[in-house]
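User: I would like to learn how to read the features of a multi-chain model. Please give the general idea each time, then the case at hand.

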Amino acid sequence: MFSRRNIFLYGTLVVVALYYLLPLYVMVVTSLKGMPEIRLGNIFSPPLEITFEPWVKAWSQACTGLNCDGLSRGFWNSVRITVPSVILSIAIASVNGYALANWRFKGADTFFVILIVGAFIPYQVMIYPIVIILREIGLYGSLSGLVIVHSIFGMPILTLLFRNYFTSMPEELFRAARVDGAGFWGIYLRIMLPMSLPIFVVAIILQVTGIWNDFLFGVVYTRPDTYPMTVQLNNIVNSVQGVKEYNVNMAATILTGLVPLIVYFISGKLFVRGIAAGAVKG
Amino acid sequence: MSKSARPNQLFRNLNAKVASIPMVLTALVVFAGGTAWTVLYSFTNSKLLPRLNFVGLDQYYRLWATPRWLISIENLLIYGVVSLVFSLVIGFLLAALLDQKIRFEDTFRTIFLYPFALSFIVTGVVWQWLLNPDFGVQGVVRSLGWTSFDFNPLYNSSIVIYGISIAALWQGTGLIMCLMLAGLRGIDEDIWKAARVDGIPMWKTYLFIIIPMMRPVFITTLVIIASGIVKVYDLVVAQTSGGPGIASEVPAKYVYDYMFFAQNLGQGFAASTMMLLSVMIVIVPWAYLEFGGRKRV
Amino acid sequence: MAANGTSVSIQDLSLNFGAVSVLRTLNLDVAEGEFIVLLGPSGCGKSTLLNCIAGLLDISEGRIFIKGKNVTWEEPKDRGIGMVFQSYALYPQMTVEKNLSFGLRVAGIAKDEIAKRIARAAEILQIEPLLQRKPAALSGGQRQRVAIGRALVRDVDVFLFDEPLSNLDAKLRSELRVEIKLLHRKLQNTMIYVTHDQIEAMTLADRIAVMKGGVIQQLDAPQTIYNRPVNRFVAGFLGSPAMNFLEGRLEKDNSGWRFAAEDVRIPLSTYAFESEPEPGPAVFGIRPEHVALNSGSGWPFTATAAVEVVEPMGSDTLVWLKLGKQNFTLRVTAECTPRNGETVSIGFDPMRASLFDIAAGNRI
């Protein structure tokens with residue numbers, strides 16, 4: 001057990017692991033200290049006196065611009081963005097992936113290739129045309145507009161994910177269902193859907209973390225009162241007015257990172273599968 | 001009555017076609033249409049609003065004469081090389097360590113990967129705090145007595161982009177490790193047995209047998225890292241807002257600022273077209289190798 | 001219109017995938033209650049043809065009639081077919097009962113009628129105790145029984161089998177083979193059965209259609225196909241070990257036709273030619289079991305050769321030797337075991353042989 005190889009191996013891993021954990025630790029301890037203690041002490045020392053006031057302040061009092069109702073506003077905005085975006089994007093992409101895998105029609109593959117190539121185009125190239133489209137249909141600046149944007153940009157990777165999954169299912173199952181007389185929607189709802197719960201979980205993980213963590217689309221397509229949490233966090237931390245309250249900032253940071261972290265720690269190996277798939281998104 | 005004639009092709013498979021409408025619209029209108037629109041308007045002198053007043057390559061001349069753009073490009077190159085090299089090397093080494101049939105593998109993997117679940121904003125804010133010159137690493141070391149200790153990457157314009165890379169590596173290496181680990185696990189156990197029977201030392205086996213076998217994994221990883229590099233934006237905004245001065249500007253931020261703050265759309269379009277071009281330079285050869293090569297076989 | 005008594009009629013059917021032609025102007029009439037086996041190597045188009053009949057693939061040219069009705073462009077469910085797949089294709093999340101009833105529920109058939117049909121199918125296939133189980137809890141043989149049941153409850157005229165026994169081990173395969181045969185006798189349905197296994201084809205079929213390259217090479221009763229193959233492909237595909245082939249020339253002298261290969265001369269006075277042949281290059285084929293070992297000189301053709309390998313199979317013995325310079329196999333009784341290297345005499349009657357022209361491979 002304590003061979004030289006093992007000491008080296010585990011020693012390295014533990015040191016690296018500590019490095020990875022350090023920021024999380026610093027975040028937590030800073031958020032539990034009062035400002036006087038932060039000014040005096042060092043960021044690595046545990047709090048002498050634990051206070052939850054920074055958390056309360058971050059959640060309900062921190063200011064962005066004129067609003068001083070804390071991160072709670074951004075949190076609920078993010079919820080109202082993430083939930084419909086996840087449902088809509090997965091609904092569209094799963095049906096589409098199913099159509100591509102099992103009901104191939106002429107030309108379908110061409111559109112699919114454009115879609116996948118589109119996933120590699122920097123968003124900056126498409127930001128402005130989408131602003132115009134959303135303005136034309138009257139959704140610019142609204143949460144619905146952002147939901148549409150997330151559904152659009154989630155489509156390539158999710159469609160690929162579902163197409164590959166449905167393609168890997170035995171073709172004969174699909175044929176048997178057709179002989180049994182089930183149609184497009186019947187096969188999707190009664191055969192495919194019950195068989196593909198794992199891939200739906202992967203897609204949900206992928207989308208929840210991706211959409212929750214988004215900053216660029218949030219800042220482009222929403223207004224201050226509809227900002228998602230990430231945008232609000234950045235505004236709180238990087239606002240130039242007033243005294244910097246590092247403990248409040250760190251509490252706000254943890255709050256913002258909490259949802260994806262919880263998803264991550266609960267989902268474990270499925271998360272790895274999800275990001276391996278989502279990594280293509282870049 | 002039996003249908004004896006071949007039915008109209010348009011209506012065959014109608015449901016599948018209906019289900020594909022969102023994909024078709026996205027592919028044609030947003031991806032192809034939007035890209036073409038931006039490229040087209042990059043040749044105009046649009047300011048506050050897009051106007052079709054063509055000025056040829058003017059916007060591009062101006063772009064390449066703007067110091068802020070040049071710094072952005074330089075930063076992107078440095079950031080790109082640093083994150084590419086270090087995330088590949090560290091990611092592979094960590095994966096190789098985890099692949100030694102160790103105990104607590106899941107725990108270690110969970111720790112290395114959790115930053116990837118966090119947004120760039122969260123990452124940027126945390127590292128901004130850790131690298132804070134008064135209270136962060138520098139402050140702590142100085143308070144221990146080493147008063148001349150200097151580690152202040154975020155406020156030093158000559159190294160600020162490296163400071164940003166530290167946070168990027170912390171956030172992204174776990175992913176690379178996971179991809180590499182999957183690649184390592186995909187290699188036949190018998191290869192290792194054969195190498196051991198032949199008496200080849202472990203590092204040589206990795207270098208000359210395993211890594212060449214993992215070529216597809218490396219290529220995929222490379223494409224993933226590269227397309228992420230070009231898009232870097234949130235991290236810079238959260239950590240430095242492009243500062244000090246314009247020392248940590250990046251192209252994506254240039255585009256955003258010119259489109260939505262400077263009200264100089266033409267510049268924004270030209271800059272984003274340059275970003276598109278740089279991505280194409282990475283993607284096209286890869287796509288050609290990956291998909292074009294197969295046809296010749 | 002298809003002729004009376006015809007169950008499935010395929011007329012000038014072609015299928016192309018882009019430039020690749022998978023089935024070429026294929027014609028096939030299957031009689032009411034007939035058991036047809038489509039036999040061929042993988043890639044010959046046999047499964048494709050079955051999927052076309054089922055309506056799972058859109059054809060390029062031609063027409064398909066089932067029970068006299070043109071179903072070329074009908075949906076699979078409207079064709080009056082039931083299908084059994086190689087991988088069983090049972091819906092994993094449903095119980096056996098739900099699997100059997102799925103198609104009937106989709107069609108909106110009344111509950112008591114569904115229950116009646118399931119009961120009947122379960123009784124025929126003896127799967128009553130399994131009805132409430134999920135497919136994952138069944139053995140391979142049980143799964144295939146359920147898959148057959150799914151076709152059975154549809155109460156259809158035509159059964160399509162796509163390599164249904166290929167995923168089973170050898171013992172189960174032979175058991176289920178017999179059951180399928182009994183099922184056919186009981187139901188008297190038309191059955192079209194795809195396989196690459198010649199034993200299944202020989203034992204089950206009323207007629208076998210041997211396919212290659214999207215074309216039916218020969219359509220005949222199993223014995224005819226085995227004994228009088230129309231070309232060298234069919235001759236070589238059926239039979240294990242494969243038919244012995246000798247390449248040489250067809251010659252005529254004053255004692256009649258004979259086949260000459262190097263130092264071998266085979267008189268063909270007992271061979272039944274298709275038509276009056278012409279001299280020239282040809283292939284002579286004879287099955288291993290039609291060659292006798294050390295059985296005297298009463299044969300029209302005899303020769304001696306050194307034994308190279310002896311393979312006792314239990315029920316019989318295979319003897320490998322060289323006739324001239326060409327490999328030659330004999331199937332002899334198990335009691336007969338020559339030693340390696342031993343010189344033996346062999347003999348056969350060219351009456352049981354097949355002659356093919358060398359260019360096109362057609363029977364002469």
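Analyst: Helices and strands are taken as DSSP runs, H or I of at least four residues for a helix and E of at least two for a strand, numbered from the N terminus. The model here is predicted. By that rule chain C comes to 8 helices and 20 strands.

User: How many helices and strands are there in chain A?

Analyst: Chain A has 14 helices and 0 strands. Its pattern along the sequence is α-α-α-α-α-α-α-α-α-α-α-α-α-α.

User: What box do the C-alpha atoms of chain A fill, and what box do those of chain C fill?

Analyst: Along the principal axes, the box for chain A is roughly 75 × 65 × 30 Å. For chain C it is roughly 75 × 45 × 35 Å. Chain A has 282 residues, of which 58% are buried; chain C has 364, of which 53% are buried. Of the contacts between residues at least 6 apart in sequence, 71% in chain A join residues at least 24 apart. The corresponding share in chain C is 66%.

User: Which domains does the assignment give for chain A?

Analyst: Domain 1 covers 4-51, and domain 2 is written as 71-229 + 258-281. Taken over C-alpha atoms, the centres of these two domains of chain A are 37 Å apart.

User: Which element of chain A has the lowest mean pLDDT, and which the highest?

Analyst: pLDDT is the predictor's confidence in each residue, from 0 to 100. Helix α14 (residues 269-278) of chain A has the lowest mean, 69, and helix α4 (residues 71-102) of chain A the highest, 94. For chain A as a whole the mean is 88, with 96% of its residues at 70 or more.

User: Next, aromatic pairs. How many are there over all chains?

Analyst: Two rings pair if their centres lie within 6.5 Å, and planes over 60 degrees apart make the pair edge-to-face. The count over all chains is 57 aromatic pairs. One of them joins A:Trp185 and A:Tyr188, edge-to-face, at 6.4 Å centre to centre with 90 degrees between the planes. Both residues lie in helix α9 (residues 184-195) of chain A, 3 residues apart, about one turn of the helix.

User: Is A:Tyr188 buried or exposed?

Analyst: A:Tyr188 has a relative accessible area of 6%, so it is buried. A:Trp185, at 38%, is partly exposed. Both belong to one aromatic cluster, whose members include A:Tyr98, A:Trp103, A:Phe162 and A:Phe200.

User: Which parts does the pair of B:Trp37 and B:Phe269 tie together?

Analyst: The ring centres of B:Trp37 and B:Phe269 are 5.3 Å apart and the planes stand at 85 degrees, so this pair is edge-to-face. B:Trp37 lies in helix α2 (residues 21-41) of chain B and B:Phe269 in helix α14 (residues 265-296) of chain B, so the pair ties together parts 232 residues apart in sequence. B:Phe269 is buried, at 0% relative accessibility.

User: Where does a charged end sit over a ring?

Analyst: The charged end of B:Lys231 sits over the ring of A:Tyr123, 4.6 Å from its centre. Within chain C, the charged end of C:Arg287 sits over the ring of C:Tyr226, 3.9 Å from the ring centre.

User: What is there at the start of helix α9 of chain B?

Analyst: At the start of this helix (residues 189-197), a side-chain oxygen of B:Asp188 comes within 3.1 Å of the backbone nitrogen of B:Asp190. Just after α9(B), B:Gly199 has a positive phi of about 75 degrees.

User: How should I read backbone angles?

Analyst: Most residues other than glycine have a negative phi, and most peptide bonds are trans. B:Gln263 is not a glycine, yet its phi is positive, about 50 degrees. B:Gln263 lies in the loop between α13 (251-260) and α14 of chain B, and is partly exposed at 42% relative accessibility.

C:Gln126, also not a glycine, has a positive phi of about 55 degrees. Its place is the loop between α3 (111-125) and α4 (140-153) of chain C. At 59% relative accessibility, C:Gln126 counts as exposed.

User: Which residues does a cis peptide bond join?

Analyst: C:Ser240 and C:Pro241 are joined by one, with omega about -5 degrees. C:Pro241 lies in the loop between α8 (232-237) and β11 (244-253) of chain C.

How values were computed:
Residues numbered from 1 in each chain as written. Chains lettered and ligands numbered in written order. Predicted model: local features only at pLDDT ≥ 70, side-chain atom pairs only at ≥ 80, totals over all residues. Heavy atoms only, no water. Domains from an automatic or database assignment. Polar contact = N/O pair within 3.5 Å; in protein donor to acceptor, adjacent residues only side chain to side chain. Phe/Tyr/Trp six-rings, centres within 6.5 Å; stacked < 30°, edge-to-face > 60°. Buried < 20%, exposed > 50% of the residue type's maximum accessible area, 1.4 Å probe, protein only. Lys NZ or Arg CZ within 6 Å of the ring centre and 35° of its normal. Contact = heavy atoms within 4.5 Å.
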